[in-house]
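Q: I am new to this structure and would like a close look at a single part of it. Please take me slowly through one sheet, what packs on it and what lies around it.

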Amino acid sequence: MSHSLGVLFDNAADAIFIAEKASGIILDANKAASQLLHLPHEKIVGMHQSQLHPEKDTKIFTKHQKELDRTDLTVPLEWKVVCSDGSEIPVEIMASQIDYDGKQCMMGIFRDISLRKQAEQDLLQKNRDNAFLTSFSYKLADSSSKDIIKDFTLPCIKKHTNALYAHFAAYDASHNTLAIKHFEADNAFLNTIIKIGGKKIFSTSYPVDKEDYQLFMSGEIKVLHSLSELTSGVIQKKIDEAIRKVTGFEYFIGIPQIDSGNLYGITVLAFKKNQSLPSIDLLKSYSSILSISLRKNITEQNLIQSEEKFRNLLELAPEAFYHGDSEGNIIAVNEKAIELTEYSREELISMPISKLFSQDTLNENPLRHDLLQRGETITRERRIITKTGNVVLVEMKSKMMPDGRLQCFMNDITERKKAEQTLIQSEDRLESIVNESPFPIAIANDSNEKILYWSRSAKKCSDIHQSTLRNGINWLTQMPIIEKSY
């Protein structure tokens, strides 16, 4: 390798490994490779290339190796590498065959895509959380159960967060105590806990000192590591240790339910050490929605009318809510609507909902009253204009009630659109890199082997027009010089 190429190799931003094709032994690696694996260069050289990846993925390695043996193309793959500490990092690998010091070798360029994968995962999880909170609000509003915690809220939050155990402890202000009232867990966990601590453990009552009360009233989500700590020592340490040893419980998250200066209780979720914990935003939103419901159920002895309950729950819903009369005038809104439009509640009430949109928006994307009158729910992306003149992109869901009144939910999707655009730009950058690659690259449908995309270099390998291939020609029979990409 010449001096100039050696400088490029050593200082490349991506990790590069060169392995002998026949033996699979790594002959060379650059600085970025050492940084990726947390291993010095001398430790990497001499390793077998399969040692870079998790042992459980040996089938993937074998399949990819066979694919490389069958083609002269650069073969892309998303996989994982194992660091010196045993941790696994997602990478994007571009592998190709090269001649290195007179030997047939494989060169793999490994790009760390941890941040991209995490961003994608965070976006997906946030969307799932928002969908859960919206559905949770609606169903809670429609619930006719006399015990919403036992019958609805505790099973819902346990399922959505994948908690192994959940309980609700009600607060008794007269005695400054919390008492477990409801619990939710699989029978195996319940039987284990009962066997160790007895049935009385599920009716444990424990004191709340001044410091804990102030912490609860601040709304802080508390993460503890033992039942004994959670219950201020009422559940003895030896029982706590025995339960955690058998169940594997490592984290106990306490979520206070407070509203209007009152503490109603604590929801507790238990997780194992290797589980992903729910976001604080999700738990706080859940707590807010549950708290308002608890306040209504405690302060009112009889069931309130469904419309009243719906209105109160929507005040803390994650989406802006507008209730309009049959003429299209707003007659009720929630706090999120006030925040979104920057108008006060008094300004919004009796305002035509059409005033929130520009004339261009109304002309180009009108509300389909014909579909609403048929009972359909309409979901549209529209732009609203706030009181200060800001333009906000929202997802608007509209539904006409049997009495002709209109209900609309609006969700600010500005950040979501920005995130989507960022992902698109990232994909475009990747496509540009692939397109400019000197190696021919073709991407095909795995099930029918039809070409979906090919780079400029790949076009030069065949005189068959790209549009002809996309119209159904089997690329393996028409392009013998290009083998199937993995």
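A: What follows is a walk through one open sheet, its helices, the cores and the aromatic rings, with a brief look at another sheet at the end.

The model is predicted, and residues are counted from 1 along the chain as its sequence is written. The part to look at is an open sheet of 6 strands, which lie in the order β8-β7-β6-β11-β10-β9 and pair in an antiparallel way. At its two edges are β8, residues 205-207, and β9, residues 222-224, each of which pairs on one side only. From one strand to the next the twist averages 25°.

At the β8 edge, strand β7, which covers residues 177-185, is joined to β8 by 3 bridges, and the two run antiparallel. Within that pairing, Ala 179 has Ser 205 of β8 as its bridge partner. Two helices can be placed against the sheet from here. Helix α6 packs on the sheet and touches β6, β7 and β11, with its direction at about 65° to that of β7. Helix α7, residues 187-197, also packs on the sheet, where it touches β6, β7, β10 and β11, and its direction makes about 135° with that of β7.

A residue of β7 is a useful place to pause. Glu 184 lies in strand β7, and with a relative accessibility of 27% Glu 184 counts as partly exposed. Leaving aside neighbours within four places in sequence, Glu 184 is in contact with Leu 154, Pro 155, Lys 158, Leu 164, Tyr 165 and Ala 166. For one of these residues, Pro 155, the distance can be stated: the C-alpha atoms of Glu 184 and Pro 155 are separated by 6.5 Å, although the two residues are 29 residues apart along the chain.

The next topic is the nonpolar residues. In soluble globular proteins, nonpolar side chains tend to be buried together. The largest nonpolar core here has 27 residues, and the members that touch the most other members are Phe 136, Leu 140, Ile 149 and Leu 269. At least two residues of this core come from each of α5 (114-142), α6 (148-161), β6 (165-172), β10 (249-259), β11 (262-272) and α11 (280-299). The largest share, 7 residues, is supplied by α11. To see how one member is surrounded, take Leu 269: not counting residues up to four places away in sequence, Leu 269 touches Ile 157, Thr 161, Ala 163, Tyr 165, Ala 166, Tyr 251, Phe 252, Ile 253, Ile 255 and Leu 283. There is also a second, separate core, which has 26 residues and includes Ile 180, Phe 202, Ile 235 and Ala 270.

The aromatic rings come next, and the count of aromatic pairs comes to 12. In one of them, Phe 132 and Phe 136 have ring centres 5.5 Å apart and planes at 25°, so this pair is stacked. These two residues are 4 residues apart in helix α5, and are therefore separated by about one helical turn. Phe 132 is buried, with a relative accessible area of 12%, and Phe 136 is buried as well, with a relative accessible area of 1%.

Another pair leads back to the sheet. The ring centres of Phe 183 and Phe 202 are 4.1 Å apart and the planes are at 25°, so this pair is stacked too. Because Phe 183 lies in strand β7 while Phe 202 lies in the loop between α7 and β8, the pair ties together parts that are 19 residues apart in sequence. Phe 183 counts as partly exposed, at 34% relative accessibility, whereas Phe 202 counts as buried, at 8%. Both rings belong to one aromatic cluster, formed by Tyr 165, Phe 183, Phe 189, Phe 202, Phe 249 and Phe 252.

Finally, here is the other sheet. An open sheet of 5 strands has the order β13-β12-β16-β15-β14, and its pairing is antiparallel. Its edge strands are β13, residues 330-333, and β14, residues 378-385, each pairing on one side only. Neighbouring strands of this sheet are turned by 30° against each other on average, direction ignored. Strand β15, residues 391-400, is joined to β14 by 8 bridges, and the two strands run antiparallel. In β15, Val 394 is the bridge partner of Arg 382, and Arg 382 also lies over the face of Phe 357, at 4.4 Å from the ring centre.

How values were computed. This is a predicted model: local features need pLDDT of at least 70, side-chain atom pairs count only at pLDDT 80 or more; totals for chains, interfaces and linings use all residues. Side-chain values use heavy atoms; hydrogens and water are left out. A nonpolar core is a set of buried Ala, Val, Leu, Ile, Met, Phe, Trp, Tyr and Cys residues joined through side-chain atoms within 4.5 Å. Buried means under 20% relative accessible area, exposed over 50%, partly exposed in between (1.4 Å probe, protein chains only). Contact means heavy atoms within 4.5 Å. Two strands pair if DSSP finds at least two bridges between them. Axes are lines fitted to C-alpha atoms, for helices over the stretch in contact, and angles run from 0 to 180 degrees between N-to-C directions. Rings of Phe, Tyr and Trp (its six-membered ring) pair if their centres lie within 6.5 Å; planes under 30 degrees apart count as stacked, over 60 as edge-to-face and the rest as tilted. A charge sits over a ring if NZ of Lys or CZ of Arg is within 6 Å of the ring centre and within 35 degrees of the ring normal.
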